[in-house]
Each structure stands twice: as C-alpha cells, then as structure tokens.
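This briefing sets out computed features of a single chain, grouped by topic, for use beside the sequence and the coordinates.

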Amino acid sequence: MLNQTSVTEFILLGVRDIQEPQPFLFGIFFTIYFVNITGNGAILMIVILDPKLRSPMYFFLGNLACLDISYSTVTVPKMLQNLLSTNKAISLLGCITQLHFFHFLGTTESLLLAVMAFDRFVAICRPLHYSVIMNWQVCILMAVTIWTIAFLHALLHSVMTSRLSFCGLNHIHHFFCDVKPLLELACGNTELNLWLLNTVTGTIASVPFFLTFLSYFYIITYLFLKTHSCSMLHKALSTCASHFMVVVLFYAPVLFTYIRPTSGSSLDQDRIIAIMYSVVTPALNPLIYTLRNKEVRSALSRKVRKCLLLEEI
C-alpha cells in the first residue's frame, strides 16, 4: 500500500539556487538545446532518408540521435522555463514522471553505446561474418531488448521513489528530479533506495562501460597486429575514435555520479556533472559524428545540395 505524502509539489532550485529569473543562463542553455535538436534531428533525418546509410551502424546511430533529443527534452525545457520564471514548482507526479524518463533514456543510451561498440568490433575484427552476426533481425532484437531493460530499470526507481513519504521541506537543490535529491527530502527509511541506486544503477552503468572498453581494446589490438594497410588502419581508427569520444563524454560523468558514495557528494558538483551528461553531451554527439564521419558528412552535403536545387526550381 502506498505511503501517504504531505508534499504535493516540489520547488526546483535550478542550477544556482537563485529564485530570480536568469536570462543569461537561459540564453546559454537554449543555444545548447537548439544545437542538440538541430544536429541530432539532421542525423536522424539523414539516416532515415539516405539509402546509402542502410547499415546496422547507422541504424544504431539513428537510435542514438533520437535518444539524445529525447534525453535532453526530459530536463531542459523545464529548466529553461524555470530560468525565466519565479515559479519553479513541479508536481509530485510530474517529478516522478521526469525521474522515470530521465533514467529510462539514460539507461538506454548506456546500453546502446555498448551495442554500437560491439557492432564496430564485429565489423572490423570479423568482417566476413558481419552480415550473418549483425543481420537486421538481430539489430532490431538488440534495440528492443535495450529499450525494454532500460524501461524496467527506470520503472524500478520510479515505483520505489513514489512509495516514499515526503514531508516538510520540498526544495530540490537541482534543475530536475533525480533519485539522489529526492532521497534527501524523504522522511522514511531510504536504505533500499540507496542500495538500488548504488548497486543496480551502478551495475547498469559500469557493465556496459566495461564491455564497451573491452570491444575497443580488442579492436585497437586487432588493427595494430593484423592490419598492414595504413589507409585501412586510419579509416578504422577514425570511425572508432568518434564512437569512443561519445562513450567517454557520456560514461565519465555518469559513473562519477552514480558509483561514488552518496555521503561524499556535493550538490554543486552533482549539478555541474548532470549538466555535462544531460545537456552538453547530447549536443556534442552530432558534431562529433558529422566532423569525424565521412559518410554522414557526404549524406548531409547531398541533402543540402538537393534542397538548394529544389529552391532554385
């Protein structure tokens, strides 16, 4: 039976715990969000429309672009609204919903990056078996599996958090609803929630990171030992470099946030790290892929030229 709560809404204190409007920060985060939506939207459109990008790598890249748009949209629009308003309230239901989708999409991205690393491993180290191992049925099954696991993981957190009693203080020292800040406001016993956060979420974050790192380790070892062509080596390393940059940008702050003990965390530190992996990283991903991926750059160029020709006609 659900515990009765005396708190019906929370106050999101935002990035700096300031109640007044902050137009300067609004401009910065709006620009980053616009770059995210535009860049990832362009990649998603190109992957869907360009017939030359019909491969498992670009199927997963399309998933990543969709995820990055959704991931930021869970937190950034509310943060932008709060930066221009003195009313920073969010309902209890809205808070739990935001928490759920934040962990749902974040976990999906964590697992997806591991799958993308495995795809590169098979393509480079087992090229003759690539079409058999990474056929479309397997790719779709992998995508459905990681989205399902992520949803169940997020559901676990949202259900367990909703069962807590919140009484007294309702000020969240964050720009969105996350498990850690909410546990600090809970009145009852939060030991199980903390265990789930540190153990389950820590495992969900660290295991895919380890598998991703292992895939790239094997790829780099294979390339230096087996590849004798400098051009092939450069092309393979260039492709892997863009993937690895995305992995580091995403996993480093996430692991720092959810692996370290809750007692040793700093509120300001948590907010800065959260901005990195929920706001900045999704905007950087399309820049990394378009700047380092020749096929994506070519596809974007073809699309732009086609649009310009249509306008002239």
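Over residues 204–225 the chain of this predicted model is 100% helix and 0% strand, with its end C-alpha atoms 32 Å apart. That stretch is one of those which UniProt, in an unreviewed entry, lists under "transmembrane region", and the annotation may be inferred rather than shown by experiment. Another listed stretch, residues 58–80, likewise comes out as 100% helix and 0% strand, and here the end C-alpha atoms are 31 Å apart.

**Record and overall make-up**

- The ranges that the unreviewed UniProt entry gives for "transmembrane region" are residues 24–49, 58–80, 100–122, 134–156, 204–225, 237–259 and 271–291.
- The secondary structure of the chain amounts to ten helices and three strands, and their order along the sequence follows the pattern β-α-α-β-α-α-α-β-α-α-α-α-α.
- Of the 313 residues in the chain, 48% count as buried.

**Helix α7 and the nonpolar patch**

- A nonpolar patch of about 840 Å² lies on the surface, and the residues that make it are Val-207, Phe-210, Leu-211, Phe-213, Leu-214, Phe-217, Tyr-218, Phe-244 and Val-248.
- Two elements, α7 (191–226) and α8 (230–259), each give two or more residues to this patch, and it is α7 that gives the most, with seven residues.
- Tyr-218, one of the patch residues, is found in helix α7; its relative accessible area is 46%, and because the partly exposed class runs between 20% and 50%, Tyr-218 is counted as partly exposed.
- Gly-202 also belongs to helix α7, but this residue is buried, since its relative accessible area of 2% falls under the 20% cut-off.
- Gly-202 and Phe-256 are 54 residues apart along the chain, and their C-alpha atoms are separated by 9.8 Å.

**Helix α2**

- Helix α2 (residues 56–83) has 28 residues, which at 1.5 Å a residue should span 40 Å, and the distance between its end C-alpha atoms, 40 Å, agrees with that expectation.
- Within α2 there is nevertheless a kink of about 40 degrees at Thr-73, shortly before the proline Pro-77.
- Because 22 of its 28 residues are buried, α2 is largely enclosed by the rest of the structure.

**Helix α3 and the salt bridge**

- For helix α3 (residues 92–125), the 34 residues should span 50 Å at 1.5 Å a residue, and the end C-alpha atoms are 49 Å apart, in agreement with the expected value.
- Helix α3 is mostly covered, given that 27 of its 34 residues are buried.
- How many salt bridges does a search of the whole structure find? The search finds one, and Asp-119 forms a salt bridge with Arg-120 in which the closest N and O atoms are 2.9 Å apart.
- Both partners, Asp-119 and Arg-120, are buried.

**Contacts between separated parts of the sequence**

- Val-254 lies in helix α8 and counts as buried, because its relative accessibility of 9% is under 20%; from C-alpha to C-alpha, Val-254 is 9.2 Å from Met-276, with their positions 22 residues apart in sequence.
- Leu-185 lies in helix α6 (residues 179–185) and, at 13% relative accessibility, also counts as buried.
- Leu-185 and Phe-10 are 175 residues apart in sequence, while in space their C-alpha atoms are 10.0 Å apart.
- Is Cys-167 buried or partly exposed? Cys-167, which is found in the loop between α5 (136–162) and β3 (171–172), counts as partly exposed at 38% relative accessibility.
- The C-alpha atoms of Cys-167 and Gly-188 are separated by 9.5 Å, the two residues being 21 residues apart along the chain.

How values were computed
Residues numbered from 1 in each chain as written. Predicted model: local features only at pLDDT ≥ 70, side-chain atom pairs only at ≥ 80, totals over all residues. Heavy atoms only, no water. Patch = residues over 30% accessible without salt bridge, like charges linked within 9 Å, V, L, I, M, F, W, Y side chains within 5 Å. Areas by Shrake-Rupley, 256 points an atom, 1.4 Å probe, with all protein chains shown as cover. Salt bridge = Lys/Arg side-chain N within 4 Å of Asp/Glu carboxyl O. Helix = DSSP H or I, 4+ residues; strand = E, 2+ residues; numbered from the N terminus. Buried < 20%, exposed > 50% of the residue type's maximum accessible area, 1.4 Å probe, protein only. Expected span 1.5 Å × (residues − 1). Bend = angle between axes of the 7 residues up to and from the residue.
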